[in-house]
Amino acid sequence: MKQGLMQLLRAQDVDGELKVLEEAKSKYPAEISQRQGEIEKAENVLTQLTDRVAKLESQQRHLELELEVAQELLKKQEERFAEVTTNKEYDALQLEIEACKSRISEFETQILKIIEDTQVTGEQAEIEKGEVSSVRELQQAHIDELQEKLSSLQGEVDGVVSQREAALKGIDDELLKSYERSIGGNRGRGVAAVRKGACGSCFRQLPAQQKSNARRSDQILHCESCGAILAWDDESS
């Protein structure tokens, strides 16, 4: 039992190192995701601008067709003047022509506005293309660096995991399960060496009987205060 407890003390040091590495490793994916989000955000802005240009161009084509129809109608209406025989017919035709001219003017105004909007939006899109390129280049460089660090950390984690497996090799199953439960709890105390009659984790003095039992190292003992497994080694007194 004592040998197993000493192994756990060494294994706990390895577990501490492993925890630090795992915590460090867990930070990189979040930062990578954040930087990828910056790229996507810039790309979305560009997409919106290019979509806006396409929509404006479609609207312009539609209005130009409407304008052609109106212009053709105006031409036909003006030709009808030769057929008018009464003032009433003349006045009615004149009203139709004025309404048609009004529609033509409205179409032309809308087309000019769309042309202006298309030009402005197109210029914005061109500027945004450069921004997207810069953002992508900058963020991707950071992402590649983080990926490299993540891969390097994973290599360290794998190495420490191997050390952990070696440190735990041969430990009694019941003792190992007790240790795993202890480090998996809310307090995660693990195993603590007895120092000057106190728990090495929470530093609470042990009752005399528990101290005596810990010295014998023939059973699994837990600190009554923090729950850590108590291990008596050659430095305990």
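The following legends describe several views of one predicted protein model.

**Figure 1. Overall view of the predicted protein, with four helices and three strands.** Read along the sequence, the elements follow the pattern α-α-α-β-β-α-β. The radius of gyration is 41 Å, well over the 18 Å that the globule rule gives for 237 residues, so the protein is more spread out than a compact globule. The C-alpha trace spans about 130 × 35 × 25 Å along its principal axes. Of the 237 residues, 32% count as buried. Among the contacts with a separation of 6 or more, 71% are made by residues 24 or more positions apart.

**Figure 2. Confidence of the prediction across the protein, with a mean pLDDT of 91.** A score of at least 70 is reached by 97% of the residues. Among the elements, helix H2 has the highest mean pLDDT, at 95, and helix H3 has the lowest, at 86. As a rule for reading such views, predicted coordinates should not be read in detail where pLDDT is low.

**Figure 3. Close-up of helix H3, residues 173-184.** This helix has 12 residues. From its first C-alpha to its last, H3 reaches 16 Å, close to the 16 Å expected at 1.5 Å a residue. Leu 175, Ser 178, Tyr 179 and Ser 182 are buried in H3. These four residues lie on the same side of H3, because they cover an arc of only 100 degrees around the axis. Exposed residues are found on the other side of the helix, namely Asp 173, Lys 177, Arg 181 and Gly 184. The cover over the buried residues of H3 includes H1, helix H2 (87-168), S1 and S3.

**Figure 4. The N-terminal end of helix H3, capped by Asp 172.** A side-chain oxygen of Asp 172 lies 3.0 Å from the backbone nitrogen of Glu 174. The viewer may compare this end of the helix with Asp 173, which is among the exposed residues of H3.

**Figure 5. The polar contact between Asp 15 and Arg 164.** Asp 15 is found in helix H1, which runs over residues 2-79, and Arg 164 has its place in helix H2. The two side chains are joined by a polar contact of 2.4 Å. Asp 15 counts as buried because its relative accessibility is 13%, under the 20% limit. Arg 164 is also buried, with a relative accessible area of 17%. Leaving aside neighbours within four places in sequence, Asp 15 is in contact with Arg 164, Tyr 179 and Ile 183. With the same kind of neighbours left aside, Arg 164 is in contact with Val 14, Asp 15, Leu 18, Tyr 179, Glu 180 and Ile 183. Tyr 179 thus appears in the list for Asp 15 and in the list for Arg 164, and Tyr 179 is one of the buried residues of H3.

**Figure 6. Ile 104 in helix H2 and its contacts.** Ile 104 is buried, with a relative accessible area of 9%. Leaving aside its neighbours within four places in sequence, Ile 104 is in contact with Leu 67, Ala 70, Gln 71 and Leu 74. The C-alpha atoms of Ile 104 and Lys 75 are separated by 12 Å, and the two residues are 29 residues apart along the chain.

**Figure 7. Gly 37 in helix H1, shown with Gln 139.** Gly 37 is partly exposed, with a relative accessible area of 25%. Along the chain, Gly 37 and Gln 139 are 102 residues apart, and their C-alpha atoms are separated by 9.5 Å.

**Figure 8. Two loop residues with positive phi, Lys 196 and Ser 217.** Lys 196 is found in the loop between strand S1 (191-195) and strand S2 (198-199). Its phi is near 50 degrees, a positive value in a residue other than glycine. Lys 196 counts as exposed because its relative accessibility is 69%, over the 50% limit. Ser 217 is found in the loop between helix H4 (208-216) and strand S3 (229-231). The phi of Ser 217 is also positive, at about 55 degrees, although Ser 217 is not a glycine. At 6% relative accessibility, Ser 217 counts as buried.

Key
Residues are numbered from 1 along each chain as its sequence is written. This is a predicted model: local features need pLDDT of at least 70, side-chain atom pairs count only at pLDDT 80 or more; totals for chains, interfaces and linings use all residues. Side-chain values use heavy atoms; hydrogens and water are left out. Helices (H or I, at least four residues) and strands (E, at least two) are DSSP runs, numbered from the N terminus. Buried means under 20% relative accessible area, exposed over 50%, partly exposed in between (1.4 Å probe, protein chains only). Contact means heavy atoms within 4.5 Å. The expected span of a helix is 1.5 Å times one less than its number of residues. The arc is that of the directions from the helix axis to the C-beta atoms. A polar contact is a pair of N or O atoms within 3.5 Å; within protein, one must be able to donate a hydrogen and the other to accept it, and residues adjacent in sequence count only if both atoms are side-chain atoms. pLDDT is the predictor's confidence in each residue, from 0 to 100. The radius of gyration is taken over C-alpha atoms; the globule rule is 2.2 Å times the number of residues to the power 0.38.
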